[in-house]
Amino acid sequence: MTTALITGSTAGIGAAFARRLAADGHNLVLVARDTKRLRDQATELHDRHGIEAEVVTADLATDDGIEAVAARLGDRRNPVDLLINNAGFGNKGRYLDVPMADELTMLKVHCEAVLRLTSAAAEAMRERGRGGVVNVASVAAFLPRGTYGASKAWVVQFTQGAAKDLAGSGVRLMALCPGFVRTEFHQRAGMGTDNIPDWMWLDADKLVAAALADLARGRTVSIPDPRYKALMGLAKVAPRSLLGGISSRTGRKYGPQ
């Protein structure tokens with residue numbers, strides 16, 4: 001049986017990955033900050049699917065947390081075959097309204113942790129000649145929208161570059177770029193969602209199924225829904241000045257900064 005490690009596993013997209021991978025027979029390493037929620041999740045998945053579920057309590061906004069997860073990824077005796085870098089969050093407020101400490105924490109989790117954990121996993125996977133990494137980004141990566149969008153753009157560019165460098169090694173890397181997903185994300189950030197149109201919401205379980213299919217196809221970027229693929233196609237050809245104004249107004253209504 002193969003093993004998948006999922007950061008931010010107890011809620012949202014991370015929990016959907018855990019459910020799907022457990023149902024498919026993968027053992028799991030579940031990573032989050034809340035030990036009780038991790039243990040409850042591990043017990044439920046073990047009882048339901050008969051898989052082994054290990055828990056690692058770690059805060060990826062800290063060096064100690066990143067190092068603990070990187071060490072687990074680098075364990076050659078208990079290899080990880082699939083890494084899902086899912087942990088992340090949004091800050092409520094416009095640029096300069098968000099405290100600098102919060103902005104730097106976001107970059108720590110979205111960029112530094114992704115870099116260090118991807119590197120730890122990919123090095124061990126390359127030695128074995130197989131493995132996969134999914135770095136969860138966002139469609140915000142393709143829009144000029146503050147620190148959140150900038151950090152997710154870094155995830156996409158980093159993942160695509162690393163995938164090229166590791167081509168032929170047996171290690172697959174993919175950036176997953178969802179739109180709005182019904183999770184705890186906005187609630188945790190204190191963002192209202194009443195004004196978000198129903199058609200913009202994605203189902204986390206369907207998103208994960210599409211993402212895993214794209215990973216199997218060897219894609220390096222996955223936008224797992226036709227609606228958002230169409231929107232991002234339009235974004236590519238729209239003037240940057242127009243796109244910036246639209247994304248700024250939309251971001252203030254709907255999304256993180």
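Let's start with a term you'll need throughout: a residue is buried under 20% relative accessible area, exposed over 50%, and partly exposed in between, using a 1.4 Å probe and protein chains only. The model here is predicted, so local features need pLDDT of at least 70 and side-chain atom pairs count only at pLDDT 80 or more, while totals for chains, interfaces and linings use all residues. Residues are numbered from 1 along each chain as its sequence is written, and side-chain values use heavy atoms, with hydrogens and water left out.

**Exercise 1. The sheet**

Work out the order of the strands in the open sheet, and find which strands stand at its edges.

Step 1. Get the terms straight: helices (H or I, at least four residues) and strands (E, at least two) are DSSP runs, numbered from the N terminus. Two strands pair if DSSP finds at least two bridges between them.

Step 2. Read across the sheet: its seven strands come in the order β3-β2-β1-β4-β5-β6-β9, with parallel pairing.

Step 3. Look at the ends: β3 and β9 each have a single partner strand, so one side of each has no neighbour in the sheet.

**Exercise 2. Strand β1 and its partners**

Decide whether the residues of β1 are buried or exposed, then find what stands opposite I6 in β2 and in β4.

Step 1. Check burial in β1 (residues 3-7): five of its five residues are buried, so the strand is largely enclosed by the rest of the structure.

Step 2. Sort the directions. In a regular strand the side chains alternate between the two faces of the sheet. Here T3, L5 and T7 point one way from β1, and A4 and I6 point the other way.

Step 3. Go to the β2 side: β1 and β2 pair in the parallel sense over five bridges, and I6 has L30 opposite it.

Step 4. Now the β4 side: three bridges join β1 and β4, again in the parallel sense, and there I6 faces I84.

**Exercise 3. Following the chain between strands**

Find which helix the chain passes through from β1 to β2, from β2 to β3 and from β4 to β5.

Step 1. Know the rule: a crossover is right-handed if, with the strands pointing away from the viewer, the path from the first strand over the helix to the second runs clockwise.

Step 2. From β1 to β2 the helix is α1 (residues 12-23), and the β-α-β unit is right-handed.

Step 3. From β2 to β3 it's α2 (residues 35-49), in another right-handed unit. These two strands run parallel, joined by five bridges, and A32 has T57 of β3 as its bridge partner.

Step 4. β4 and β5 (residues 131-136) pair in the parallel sense over four bridges, with L82 opposite G132. The chain gets from β4 to β5 through α4 (residues 100-128), and this crossover is right-handed.

**Exercise 4. An aromatic pair**

Find how the rings of W154 and F158 are arranged.

Step 1. Apply the cut-offs: rings of Phe, Tyr and Trp (its six-membered ring) pair if their centres lie within 6.5 Å, and planes under 30 degrees apart count as stacked, over 60 as edge-to-face and the rest as tilted.

Step 2. Count the pairs: the rule gives one aromatic pair. The ring centres of W154 and F158 are 4.9 Å apart and the planes are at 10°, so the pair is stacked.

Step 3. Place the residues: both lie in helix α5 (residues 146-165), four residues apart, about one turn of the helix.

Step 4. Compare with the opening cut-offs: W154, at 30% relative accessibility, is partly exposed, whereas F158, at 18%, is buried.

**Exercise 5. Two loop residues**

Find where L96 lies and where G218 lies.

Step 1. L96 is in the loop between β4 and α4. At 68% relative accessibility, L96 counts as exposed.

Step 2. Check the backbone. Most residues other than glycine have a negative phi, and most peptide bonds are trans. L96 has a positive phi of about 80° although it isn't a glycine.

Step 3. G218 sits in the loop between α7 (204-217) and β9 (221-222), and is partly exposed with a relative accessible area of 48%.

Step 4. Finish with a distance: G218 and M174 are 44 residues apart in sequence, yet 8.0 Å apart in space, C-alpha to C-alpha.
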